[in-house]
Protein chains: 2
Amino acid sequence: MKEGPDIALLGSVIGDPARANMLIALMSGKALTATELASEAGITVQTASSHLSKLEGAGLLQQRKQGRHRYFTLADDEVAQVLEAMMGLAASRGLMRTRPGPKDPALRRARVCYNHLAGDLGVQLFDSLQQRQLLTGSETDFTLTDAGREFLEDLGIDVEALERERRPVCKSCLDWSERRTHMAGALGTALLDRFIGLGWAERVPKSRIISFSAKGQKAFETHFPTVN
Amino acid sequence: MKEGPDIALLGSVIGDPARANMLIALMSGKALTATELASEAGITVQTASSHLSKLEGAGLLQQRKQGRHRYFTLADDEVAQVLEAMMGLAASRGLMRTRPGPKDPALRRARVCYNHLAGDLGVQLFDSLQQRQLLTGSETDFTLTDAGREFLEDLGIDVEALERERRPVCKSCLDWSERRTHMAGALGTALLDRFIGLGWAERVPKSRIISFSAKGQKAFETHFPTVN
DNA sequence: TTCATGGTTCGATGATAGTCGAAGCCTCTA
DNA sequence: TAGAGGCTTCGACTATCATCGAACCATGAA
């Protein structure tokens with residue numbers, strides 16, 4: 001038996017997909033509840049609870065009780081830095097969670113990322129809003145302009161209601177098939193919901209694919225044109 | 001399911017005790033055969049073979065055939081750096097394989113980190129160069145000054161030759177025992193080699209410890225004094 | 001108190017993956 | 001050509017652990 005820091009233990013703690021998903025979700029810096037983390041990881045709360053106690057036992061997480069909620073955050077910056085370093089290494093070795101390559105064109109075209117639109121159309125949506133100055137700011141940190149709010153209200157989205165929610169309205173998400181930014185956050189969710197509500201698109205069961213109808217496709221193009 | 005670098009996969013690859021032992025053994029910078037690595041990890045060669053193919057599949061290892069032997073090394077510096085960072089995190093959370101033993105002080109004083117000097121003396125080296133303005137720049141991104149080049153040439157290091165190599169000459173690496181920056185990259189390698197070449201120090205077999213002789217110790221202090 | 005919501009604990013199940021014996025492949029040596 | 005050493009492949013066994021249903025605990029609201 002050797003001596004020194006136990007990277008095997010650390011690795012195995014990070015090495016479970018559910019736990020890794022939770023850690024990545026917490027990389028946003030936000031404090032999340034056990035229930036939220038469970039949904040991020042796609043598991044039940046019981047399972048999440050077990051994972052969370054392991055992560056906390058390894059010193060990677062900190063919890064803060066507040067009423068009947070328990071908010072979890074990464075323990076400190078060092079944890080985030082190591083995770084970031086591991087992401088870099090994984091990326092440079094081609095260790096990706098989705099295999100690049102046009103294996104499933106429909107998936108690359110439009111899919112769900114959490115609860116917002118990703119893929120080709122997700123990127124197009126973001127670009128269109130930005131080019132027409134309905135969004136302002138950088139790729140990673142942006143807000144709605146007044147024109148943007150009006151545009152979204154016209155589309156039937158209650159922007160004020162979104163702003164009353166806890167999570168940020170505008171949030172970016174890096175698209176690994178396109179290697180571009182698309183829209184996440186409360187607005188991303190609201191937009192996808194609205195597309196489905198308008199009958200433009202629907203979720204394909206048992207997959208992440210979002211299927212647009214012919215009419216929906218057209219409507220999407222009119223509302224979110226590519227300027228090029 | 002999210003997208004992005006698969007840190008869960010990377011973590012699970014590192015997260016097996018046998019594989020972690022092999023990786024740590026390779027942190028010495030030496031090329032080891034499958035049989036040697038098996039004995040390091042305390043497993044049979046069959047099992048080791050399976051582990052090695054996994055490590056190689058994840059891009060963490062490189063193998064070089066030579067006769068009937070297969071020599072394994074870490075794929076590159078980035079792997080070593082992430083491992084070192086994980087060691088630091090594990091150490092700071094108290095995730096240790098054994099309680100600190102008698103070998104520990106020597107290991108903290110001077111050890112090999114892949115192919116450069118780490119520990120107490122590694123940090124001292126970096127500090128000394130920086131304080132005397134032989135290096136310029138930040139902790140993470142720095143270059144040699146003209147005075148620095150001259151100093152190193154006097155020490156018998158062919159800086160120009162280093163610059164012809166592909167990998168960066170100056171690169172920092174976080175030290176897990178000191179939680180400070182020390183010197184990695186081509187220059188880090190060259191410096192350690194030079195210390196050994198000058199007879200100041202030698203590698204202790206079967207460990208990562210670098211043992212300085214009394215004379216070597218003195219010479220090191222004269223060349224890399226602490227200002228404090 | 002009663003009810004609802006957020007979380008944890010317990011127990012059973014199922015899948016994954018680490019392990020080694022045996023056999024086979026490859027390469028160098030004689 | 002035979003033999004030996006280094007390493008991989010195959011197959012079977014086993015232990016670990018993630019998972020979820022059900023029950024339980026805790027906090028806040030009515």
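Me: Before we start, what does buried mean here?
Reply: A residue is buried when its relative accessible area is under 20%, counted over protein chains only. The model is a predicted one.

Me: OK, so is helix 5 of chain B enclosed by the rest of the structure or not, and why?
Reply: Largely enclosed, because 13 of its 16 residues are buried.

Me: How far does helix 5 of chain B reach?
Reply: From the first C-alpha to the last, residues 77–92 span 23 Å, close to the 22 Å expected.

Me: What's at the start of helix 5 of chain B?
Reply: A side-chain oxygen of B:Asp76 comes within 3.0 Å of the backbone nitrogen of B:Glu78.

Me: And which residue follows that helix?
Reply: B:Gly94 follows helix 5 of chain B, and its phi is positive, near 75°.

Me: Switching to the DNA. How many residues surround strand C?
Reply: 20 residues do, and B:Gln46 and A:Ser49 are among the closest. By class, the surface near DNA strand C has 10 polar, 6 charged and 4 nonpolar residues.

Me: Which helix gives the largest share of that surface?
Reply: Helix 4 of chain B, with 4 residues. Chain A also supplies residues, at least two each from helix 3, helix 4 and strand 3.

Me: Which part of B:Gln46 lies 2.6 Å from DNA strand C, and from what?
Reply: A polar side-chain atom of B:Gln46 lies 2.6 Å from a base nitrogen.

Me: What about phosphate, which atom of B:Thr44 is involved?
Reply: A polar side-chain atom of B:Thr44, 3.3 Å from a phosphate oxygen of DNA strand C. With A:Arg70, a polar backbone atom is 3.3 Å from a phosphate oxygen.

Conventions: Residues numbered from 1 in each chain as written. Chains lettered and ligands numbered in written order. Predicted model: local features only at pLDDT ≥ 70, side-chain atom pairs only at ≥ 80, totals over all residues. Heavy atoms only, no water. Expected span 1.5 Å × (residues − 1). Buried < 20%, exposed > 50% of the residue type's maximum accessible area, 1.4 Å probe, protein only. Polar contact = N/O pair within 3.5 Å; in protein donor to acceptor, adjacent residues only side chain to side chain. Near = heavy atom within 4 Å. Nonpolar A, V, L, I, M, F, W, Y, C, P; charged D, E, K, R; others polar.
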